[in-house]
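Dear colleague,

I am handing over the structure we spoke about, and below it you will find my notes on what was found in it. Please read them with the coordinates open beside you.

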Amino acid sequence: MTETLNRTGNLTIGEAIDRLMYHGMPFRFTAYDGSATGPTDSPVHLHLKNERGLAYLLTAPGDLGMARAYVAGDIEVQGLHPGDPYDAMVHLMNHLRFRVPSPSEAMELIRGLGGRTFLSKLKPPAPPPQEALPKWRRLLEGFRHSKTRDAEAIHHHYDVSNRFYEMVLGPSMTYTCACFPSEDATLEEAQAFKYDLVCQKLGLKPGMRLLDVGSGWGGMVRHAAREYGVTAVGVTLSREQASWAQQAIKEQRLDDRAEVRFGDYRDVADTGFDAVSSIGLTEHIGVRNYPAYFSFIRDKLVPGGRLLNHCITRPDNNAKGTGAFIDRYVFPDGELTGSGRIITGIQDVGMEVRHEENLREHYALTLKGWNRNLVENWDECVRETDEGTAKVWGIYMAGSRLAFERNEIQLHQVLAVRPDHDGRAHFPLRPDWLS
């Protein structure tokens with residue numbers, strides 16, 4: 001039932017919104033015109049604060065418009081912490097059912113809301129400053145996945161603030177899926193277990209050489225050098241990450257056998273590596289670039305050398321973008337596909353796939369931990385960046401957690417080897433990390 005205050009005889013925002021639902025508004029909704037709709041006892045209460053928020057919703061329908069209004073502070077989700085809106089998102093996903101009105105019904109709604117006067121207020125407002133440029137505008141930065149455009153995309157997401165990431169990610173400074181040895185393991189234990197799993201799959205031993213592409217803050221590089229005695233080189237397109245990683249390497253006295261370089265992985269000239277780890281980079285490569293990417297990795301490896309590719313995937317093998325919100329606020333130019341396409345790309349350059357596994361549930365647990373860290377450090381995170389940026393991270397991580405839980409996205413590790421000239425893989429009869 002829709003409730004209104006100060007009725008003027010026109011259609012209220014609450015009534016209009018209610019008509020766009022298949023079975024009525026499933027949660028409590030209030031608006032700046034004094035109207036309200038939805039059950040009063042709903043665990044979710046959304047409040048639309050102003051006309052700009054309504055313009056965001058109507059000029060960019062779907063998740064992008066909702067995100068703009070939420071990040072700008074024009075929509076409030078009452079009763080839940082903005083650092084972890086997971087419960088609200090579960091409720092919305094389970095109950096929210098929009099319907100598309102017919103053209104005649106749409107005009108009727110517009111007339112009821114004020115006709116031309118209402119339409120004049122719906123000029124698209126400028127997006128919040130946290131939003132990346134639209135895809136057409138990014139062409140001025142270079143073609144998709146060119147070095148200059150990739151650098152800008154990475155800068156947008158990763159050069160937020162190292163201190164912000166320390167508070168959200170925790171001491172490991174690892175921004176990739178952890179692997180939980182048990183459900184009660186801490187996030188730090190799970191990240192260390194993940195790095196150990198990667199090292200074991202790669203068969204690392206003292207004296208070997210490791211290349212870690214897309215190395216972030218150097219977690220893999222430091223773990224492999226410290227725990228397995230290898231010489232490790234990492235590379236990242238984020239200047240902030242490289243600076244933080246090099247300082248951590250120095251503090252841990254690993255600088256004689258570990259380094260993280262600032263630059264594009266394609267500019268790494270070194271060869272003869274025993275292993276390559278690619279943890280969370282393939283999402284930024286683009287499916288069309290798989291042949292060049294996996295050929296690059298193959299050529300870096302010695303015969304018998306191994307690749308561990310760890311990345312977010314889709315449940316099917318269609319190549320798709322990441323959605324409007326993720327593309328504009330989180331991972332500009334990101335692209336996901338299924339593990340089958342990843343495996344095919346590796347095989348097509350002459351490497352042999354030896355093992356793969358899906359860590360989907362582990363990423364949901366990882367994101368739950370990051371949301372918890374954001375909530376616990378909310379005030380400092382807001383001071384370090386701004387409230388809009390902190391909101392972006394809260395909704396992005398909670399939404400991603402839900403997507404992993406519902407099998408809308410997955411996380412696959414694929415282990416491959418570069419066979420020698422006789423076709424030998426130099427691989428054990430059974431995976432030794434499973435023994």
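In strand S2, alanine 36 is the bridge partner of threonine 30. Please keep in mind throughout that this is a predicted model. Strand S1, which covers residues 28–31, is joined to S2 by 2 bridges, and the two strands run antiparallel. They belong to an open sheet of 4 strands with mixed pairing, in which the order is S2-S1-S3-S4. At the edges of this sheet stand strand S2 (36–37) and strand S4 (75–78), each of which pairs on one side only.

There is also an open sheet of 7 strands, again with mixed pairing, whose order reads S7-S6-S5-S8-S9-S13-S12. Strand S7 (258–262) and S12 are the edge strands here, and because each has a single partner strand, one side of each is left without a neighbour in the sheet. From one strand to the next, the twist in this sheet averages 15°. S12 is joined to strand S13 (residues 410–417) by 6 bridges, with the two strands running antiparallel, and one of the residue pairs is valine 353 with its bridge partner in S13, alanine 416.

Strand S12 (residues 352–358) also holds histidine 355. Is histidine 355 buried or exposed? Its relative accessibility is 19%, and because the cut-off for buried is under 20%, histidine 355 counts as buried. When its neighbours within four places in sequence are left aside, histidine 355 is in contact with Lys201, Gln413, Val414, Leu415, Trp433 and Leu434. In the same strand range, glutamate 352 forms a salt bridge with arginine 354, with the closest N and O atoms 3.5 Å apart. Glutamate 352 is partly exposed, at a relative accessible area of 30%, and arginine 354 likewise counts as partly exposed, at 33% relative accessibility.

Turning to the interior, the largest nonpolar core has 78 residues, of which Leu202, Leu204, Leu210, Met220, Phe325 and Trp370 touch the most other members. Helix H18 (residues 387–405) gives the most to this core, contributing 10 residues. If residues up to four places away in sequence are not counted, leucine 202 touches Leu210, Met220, Ala275, Val276, Ser277, Arg306, Leu307, Leu308 and Leu415. Apart from the core of 78 residues lies another core, of 26 residues, which includes Ile297, Leu301, Ile342 and Ala416; alanine 416 is the residue already mentioned as the bridge partner of valine 353.

Trp370 leads on to a helix contact. Two packed helices are described by the angle between their axes and the distance between the axes. How do helix H9 and helix H16 stand to each other, and at roughly what angle do their axes cross? The axes of helix H9 (residues 162–169) and helix H16 (residues 360–376) come within 7 Å and cross at roughly 115°. On the H9 side the contact involves Phe164, Met167, Val168 and Leu169, and these meet Trp370, Asn373 and Leu374 in H16. The residues of this contact divide into 6 nonpolar, 1 polar and no charged.

H9 is mostly covered, with 6 of its 8 residues buried, namely Asn162, Phe164, Tyr165, Met167, Val168 and Leu169. Arg163 and Glu166 are linked with Glu380 in a network of salt bridges. Glycine 170 follows H9, and its phi is positive, near 90°.

As for charged pairs, the count comes to 16 salt bridges, and two further examples may be useful to you. Arginine 257 and aspartate 256 meet through their side chains in a salt bridge, at 3.3 Å from N to O; arginine 257 counts as partly exposed, at 26% relative accessibility, whereas aspartate 256 is exposed, with a relative accessible area of 62%. Aspartate 420 forms a salt bridge with arginine 424, the closest N and O atoms being 3.0 Å apart. In this pair aspartate 420 counts as buried, at 13% relative accessibility, while arginine 424 is partly exposed, with a relative accessible area of 49%.

With best regards

Key. Residues numbered from 1 in each chain as written. Predicted model: local features only at pLDDT ≥ 70, side-chain atom pairs only at ≥ 80, totals over all residues. Heavy atoms only, no water. Axes fitted to C-alpha atoms, helices over the stretch in contact; angles between N-to-C directions. Contact = heavy atoms within 4.5 Å. Nonpolar A, V, L, I, M, F, W, Y, C, P; charged D, E, K, R; others polar. Buried < 20%, exposed > 50% of the residue type's maximum accessible area, 1.4 Å probe, protein only. Pairing = 2+ DSSP bridges. Core = buried A, V, L, I, M, F, W, Y, C linked by side-chain atoms within 4.5 Å. Salt bridge = Lys/Arg side-chain N within 4 Å of Asp/Glu carboxyl O.
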